[in-house]
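Here are some short exercises to work through with the model open in your viewer. Try each task yourself before you read the solution.

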Amino acid sequence: MAERPAVGIHDLSAATAHHVLTHETLAASNGADVAKYHRGIGLRAMSVPAPDEDIVTMAAAAAAPVVARHGTDRIRTIVFATESSVDQAKAAGIHVHSLLGLPSATRVVELKQACYGGTAGLQFAIGLVHRDPSQQVLVIASDVSKYALGEPGEATQGAAAVAMLVGADPALVRVEDPSGMYTADVMDFWRPNYRTTALVDGHESISAYLQALEGSWKDYTERGGRTLDEFGAFCYHQPFPRMADKAHRHLLNYCGRDVDDALVAGAVGRTTAYNAEIGNSYTASMYLGLAALLDTADDLTGRTVGFLSYGSGSVAEFFAGTVVPGYRAHTRPDQHRAAIDRRQEIDYATYRELHEHAFPVDGGDYPAPAVTTGPYRLAGLSGHKRVYEPR
Ligand code: COA
């Protein structure tokens, strides 16, 4: 049998929203001690979309540089993972396909399983590339995290998209077999169809996450996965950045290891930089962690990264990826830093207005105010249809 090619992440590009609310501003308005946000949950600020932004505009902004760099010839599939979808029927990826001018000979689909959906997309893409290594798959994870005002989850909101080009002989990360899987029917976080904000039992969801980490790690090792010492870094799903720290401590304990602050910081420290400034981006969060790691860590060539993807409800997957020689020539640190730095800071009153913003639902014509400086915008709602345009 012919040897299977290495398959994995060939390019990775992230985008976020136009506005930013700092946790200093949030704490000053709700009376919380800002140290709870900065140290307790590890957040400095959260991205807040403008009225003319959503998961589609962020996704297109993330994917455009990938398409500009690699062209569209080999992309036969777009997988769009989200849990803040804009339509119950149409895949958001079709809007992205249209905005980016991809060929009609493309398969487009949307995936959902809370924050795990991006990893499902990545793994399905790897399967497609193994079937035909000449093809590439554009995997996009894009979400706006939104909780009701005053709820504990409010401080962990955020918004971002990550676009990954998955292909053979990847330039960034080779994704390995096996994967460790874990599914449990829990109601730790969910959003009924009639709600715009998520419901969460935050402390229950931390326990469910740690349980799922154990389960997926156990399955991973039973299937012949690597040992703990073979990993150079760990990229955990980050509903808030301190969760990476909690998760790694839990894994070390579970494996009977001494837990030492420096060891934990060395394993996860470089993965939290972007999430700390952007907030929770659900499906995109673990891949923003990977972006931060690749962009900011010392040379990772040949190092193995452990990934723990968790989606409430719940599904988790643990897998490994090895960083490819020469990867540094393909990362995008300047683009990512610029996306974070260019955000416009808002005060608390403006944040509340944006939080409550919704288009009327009577089918009329409702143009969106032109606010975003991103490359694509939501022009408005007309006849119940979302209208997108390049800016
Ligand atoms: N200074 C420093 N740290 C402080 C602090 C202060 N003044 N006040 C509180 N903290 C620490 C707490 O000790 C705690 O840390 P610990 O978990 O290491 O003990 C942390 O800050 C959070 O405090 P807590 O009282 O637990 O906050 P909370 O009740 O507001 O809940 C979440 C925090 C994360 C559960 C809540 O934001 C939430 O529900 N988030 C959304 C869901 C989510 O993120 N789920 C995770 C799995 S997907």
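**Exercise 1. Unusual backbone spots in loops**

Task: Go to S314 and find which loop holds this residue, then work out which residue a cis peptide bond joins to S314.

Solution: Keep in mind that this is a predicted model.
- Step one: S314 sits in the loop that runs between strand 13 (304–311) and strand 14 (315–323).
- Step two: the partner is G313, and the peptide bond between G313 and S314 is cis with an omega of about 0 degrees.
- Step three: for background, most residues other than glycine have a negative phi, and most peptide bonds are trans.
- Step four: a cis peptide bond also leads from D177 to P178, where omega is near -5 degrees. P178 belongs to the loop between strand 8 (173–175) and strand 9 (180–183).
- Step five: now turn to phi. Y282 is not a glycine, yet it has a positive phi of about 45 degrees. Look for Y282 in the loop between helix 9 (273–278) and helix 10 (285–296).

**Exercise 2. Around the ligand**

Task: Name the residues that come nearest to the ligand, then give the distance from the K36 side chain to a ligand oxygen atom.

Solution:
- Step one: the ligand has 20 residues around it, and D33, K36, H203, S205 and K246 come nearest.
- Step two: from K36, a polar side-chain atom is 2.8 Å from an oxygen atom of the ligand.
- Step three: K246 also faces a ligand oxygen atom, with an N or O atom of its side chain at 2.4 Å.
- Step four: for S205 the ligand atom is a nitrogen, 2.5 Å from an N or O atom in the S205 side chain.

**Exercise 3. Helix 6 against helix 7**

Task: Describe how helix 6 and helix 7 pack, and list the residues that meet.

Solution: Two packed helices are described by the angle between their axes and the distance between the axes.
- Step one: helix 6 (residues 202–222) and helix 7 (residues 242–254) have axes 10 Å apart, at an angle of about 45 degrees. That angle makes helix 6 oblique to helix 7.
- Step two: their crossing is right-handed.
- Step three: helix 6 brings I206, Y209, L210, L213, E214, W217 and K218, while helix 7 brings M243, K246, A247, H250, L251 and Y254.
- Step four: sorted by class, this contact of helix 6 with helix 7 has nine nonpolar, one polar and three charged residues. K246 of this contact is one of the residues that come nearest to the ligand.

**Exercise 4. Two further helix pairs**

Task: Give the angle and axis distance for helix 3 with helix 4 and for helix 1 with helix 2.

Solution:
- Step one: helix 3 (residues 55–70) packs on helix 4 (residues 92–99) at about 45 degrees, with the axes 9 Å apart. The two are therefore oblique to each other, and their crossing is right-handed.
- Step two: I55, V56, A59 and A60 of helix 3 make the contact with A92, H95, V96 and L99 of helix 4. Seven of these residues are nonpolar, one is polar and none is charged.
- Step three: helix 1 (residues 23–30) and helix 2 (residues 34–41) pack at about 135 degrees, with axes 8 Å apart. Helix 1 and helix 2 are therefore oblique as well.
- Step four: H23, E24, L26, A27 and N30 of helix 1 meet V34, Y37 and H38 of helix 2. The contact of helix 1 with helix 2 divides into four nonpolar, three polar and one charged.

Key. Residues numbered from 1 in each chain as written. Predicted model: local features only at pLDDT ≥ 70, side-chain atom pairs only at ≥ 80, totals over all residues. Heavy atoms only, no water. Axes fitted to C-alpha atoms, helices over the stretch in contact; angles between N-to-C directions. Helix = DSSP H or I, 4+ residues; strand = E, 2+ residues; numbered from the N terminus. Parallel < 35°, antiparallel > 145°, perpendicular 65-115°, else oblique. Left-handed = near helix turned anticlockwise from the far one by under 90°. Contact = heavy atoms within 4.5 Å. Nonpolar A, V, L, I, M, F, W, Y, C, P; charged D, E, K, R; others polar. Near = heavy atom within 4 Å. Polar contact = N/O pair within 3.5 Å; in protein donor to acceptor, adjacent residues only side chain to side chain.
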